[in-house]
Amino acid sequence: MSTVADKLAKKSSHKTTAKQVRLRLVYVDFWSAVKLSFLAAIAQAVVTIVSFFLVFMLVQTTGLIDKVDEFFQTLTDGASITTWFGLPQVMAFAAVVAILNLVVITVLGAVIAGIYNLAVKVTGGLLVGFTSN
């Protein structure tokens, strides 16, 4: 008697040859590149904001800000650095940096797609190999 497991074992014992295909990438869609670079920029913006927050909390927890504030007060006539360097100011700066990076990365993705599409006319494209394994 033949069971389903026996039939599957017989099928898996046959060696199949992997078919290899070589394709040439001759065009990158502009809007696809913009969307993909925008998503990458959003991920990078989230990482930027979280890292600014974590670094600020680490520096504040270790007391480094208080030590720098004491040193700054000895140099000046009692001016405190903590009035300019608090969590809201750090997070606002992180948001500005993240927004600027978002714009730059998105535009850079579009520019790179355009440059690649122009370079394909000269070089003929990128040869990529695939296998059906």
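**Notes on a four-helix predicted model**

1. Helix α2 is a good place to start: its 33 residues reach 47 Å from first C-alpha to last, close to the 48 Å expected at 1.5 Å a residue. That expected span is 1.5 Å times one less than the number of residues in the helix. Helices (H or I, at least four residues) and strands (E, at least two) are DSSP runs, numbered from the N terminus.

2. Before going on, some ground rules. This is a predicted model, in which local features need pLDDT of at least 70 and side-chain atom pairs count only at pLDDT 80 or more, while totals for chains, interfaces and linings use all residues. Residues are numbered from 1 along each chain as its sequence is written, and side-chain values use heavy atoms, leaving out hydrogens and water.

3. How far can you trust it? The pLDDT, which is the predictor's confidence in each residue from 0 to 100, has a mean of 88 for the protein chain, and 88% of the residues reach 70 or more. Confidence is highest in α2, at 96, and lowest in helix α1 (residues 4-13), at a mean of 61. Where pLDDT is low, the predicted coordinates should not be read in detail.

4. Now the overall layout. The protein chain has four helices and two strands, and they follow the pattern α-β-α-α-α-β along the sequence. Of the contacts with a separation of 6 or more, 78% are between residues 24 or more positions apart; contact here means heavy atoms within 4.5 Å.

5. On the surface side, buried residues make up 17% of the 133 residues in the protein chain. Buried means under 20% relative accessible area, exposed over 50%, and partly exposed in between (1.4 Å probe, protein chains only). The accessible surface of the chain comes to about 10,400 Å², with 72% of it belonging to carbon and sulfur atoms. Those areas come from the Shrake-Rupley method with a 1.4 Å probe; for residues, only the protein chains shown count as cover.

6. Back to α2, to see what it packs against. Its buried residues are Ala33, Val34, Ser37, Ala41, Ala45, Thr48 and Phe56, and they pack against α3 and α4. Just after α2, Gly63 takes a positive phi of about 85 degrees.

7. Helix α4 (residues 87-123) makes a good partner to look at next. It has 37 residues, which should span 54 Å at 1.5 Å a residue, and its end C-alpha atoms are 51 Å apart, which agrees. The buried residues of α4 include Val90, Ala94, Thr106, Gly109 and Val120; the buried set packs against β1 (20-25) and α2. Gly124, just after α4, has a positive phi of about 95 degrees.

8. Which residues does Thr48 touch? Leaving aside residues up to four places away in sequence, Thr48 touches Ala94, Val97 and Asn101. Thr48 sits in helix α2 (residues 30-62) and is buried, with a relative accessible area of 9%.

9. There is a threonine to check on the other helix, too. Thr106 lies in helix α4 and is buried at a relative accessible area of 15%. Setting aside residues up to four places away in sequence, Thr106 touches Val34, Ser37, Phe38 and Ala41.

10. A word on the annotation. UniProt, in an unreviewed entry, places the feature "transmembrane region" at residues 36-59 and 90-116. UniProt positions are given in the numbering used here, feature names are shortened, and annotations may be inferred rather than shown by experiment. In the model, residues 36-59 are 100% helix and 0% strand, with end C-alpha atoms 35 Å apart. Residues 90-116 are likewise 100% helix and 0% strand, and there the end C-alpha atoms are 38 Å apart.

11. Finally, the aromatics. Rings of Phe, Tyr and Trp (its six-membered ring) pair if their centres lie within 6.5 Å; planes under 30 degrees apart count as stacked, over 60 as edge-to-face and the rest as tilted. By this rule the count comes to four aromatic pairs. In one of them, the ring centres of Phe30 and Trp31 are 5.3 Å apart and the planes stand at 75 degrees, so the pair is edge-to-face. Phe30 is partly exposed, at 36% relative accessible area, whereas Trp31 is exposed, at 57%.

12. Phe72 and Trp84 form an edge-to-face aromatic pair, 6.2 Å centre to centre with 75 degrees between the planes. This pair links distant parts of the chain, 12 residues apart: Phe72 is in helix α3 (residues 64-75) and Trp84 in the loop between α3 and α4. Phe72 is partly exposed, with a relative accessible area of 24%, while Trp84 counts as exposed at 57% relative accessibility.
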